[in-house]
Each structure stands twice: as structure tokens, then as C-alpha cells.
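Subject: Handing over a structure

Dear colleague,

I am passing on the structure below, and after it you will find an account of what was found. Please read the account with the structure open beside you.

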Amino acid sequence: MKFCPHCNAELKDDASFCRHCGSDMNTGWAEGADFTDLETPDYEEILENEFGNSVKKKSPITIAVAIIVALAFALLMFF
């Protein structure tokens, strides 16, 4: 077995491309290419870095109240 130099997915010995990431000879698959396991930040960290503050998640109560208000408004429009 061999491994993809881009995503480190397991490849068949006769593979011409990686079924996991799509890498192939034309996209930089070369002898001696090594997989480097880079740590990537999570989504919240990316948002904080890009926009300067963390994104607050909506509480289920807020969502439920918004749905009830929207339904009440829709009912008022029909009657």
C-alpha cells in the first residue's frame, strides 16, 4: 500500500489518483512528495481571526420565539 502525499489517504498500489482528495500526477503528485500533518484552526477560531470577535450561537429559545412570531404574523396576514 502507498499513501497520498497530499492527504495521507491510503491508495491502491496501481492508483492513478487519490479517491479522497483528487490529487494526481497533474496536480503535484510526485515521487518524494511527503504528507505533512498541519494543524488547522477550527471554524470559530477562523471567524474570530477574520472578524475580531467570536460569533455567538443562537439559543433554541430565541429560535422558537422567532418561529412563533413569524407564524403569528403569517396568520394575521391571512385573516
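A patch, as the word is used here, is made of residues that have over 30% relative accessible area and no salt bridge, with like charges joined within 9 Å and nonpolar side chains within 5 Å. Please bear in mind throughout that this is a predicted model.

With that meaning in hand, a negative surface patch is formed by four residues, namely Asp42, Glu44, Glu45 and Glu48. Asp42 sits in the loop between strand E2 (10–11) and helix H1 (43–51), and Asp42 counts as partly exposed because its relative accessibility is 46%, where partly exposed covers the range between under 20% for buried and over 50% for exposed.

There is also a nonpolar surface patch of about 300 Å², and Ile61, Val65 and Val69 make it. Of these residues, Val69 has its place in helix H2 (residues 60–78), and Val69 counts as exposed because its relative accessibility is 52%.

To set these patches in the whole, the chain has two helices and two strands, which follow one another along the sequence in the pattern β-β-α-α. Of the 79 residues in the chain, 11% are buried, and the chain exposes about 7300 Å², of which carbon and sulfur atoms supply 60%. When contacts between residues at least 6 apart in sequence are considered, 15% of them join residues that are at least 24 apart.

Two further residues deserve a word, beginning with Asn8, which is found in the loop between strand E1 (2–3) and E2. Most residues other than glycine have a negative phi, whereas the phi of Asn8 is positive, near 65 degrees. Asn8 counts as partly exposed, because its relative accessibility is 38%.

The other residue is Glu10, which lies in strand E2 and is exposed, with a relative accessible area of 52%. Which residues does Glu10 touch, if those up to four places away in sequence are not counted? They are Met1, Lys2 and Phe3. Glu10 and His20, for their part, are ten residues apart in sequence, and their C-alpha atoms are 8.8 Å apart in space.

With kind regards

Definitions and conventions. Residues numbered from 1 in each chain as written. Predicted model: local features only at pLDDT ≥ 70, side-chain atom pairs only at ≥ 80, totals over all residues. Heavy atoms only, no water. Helix = DSSP H or I, 4+ residues; strand = E, 2+ residues; numbered from the N terminus. Buried < 20%, exposed > 50% of the residue type's maximum accessible area, 1.4 Å probe, protein only. Contact = heavy atoms within 4.5 Å. Areas by Shrake-Rupley, 256 points an atom, 1.4 Å probe, with all protein chains shown as cover. Salt bridge = Lys/Arg side-chain N within 4 Å of Asp/Glu carboxyl O. Lys, Arg positive; Asp, Glu negative; His and termini not counted. Charge placed at Lys NZ, Arg CZ, Asp CG, Glu CD.
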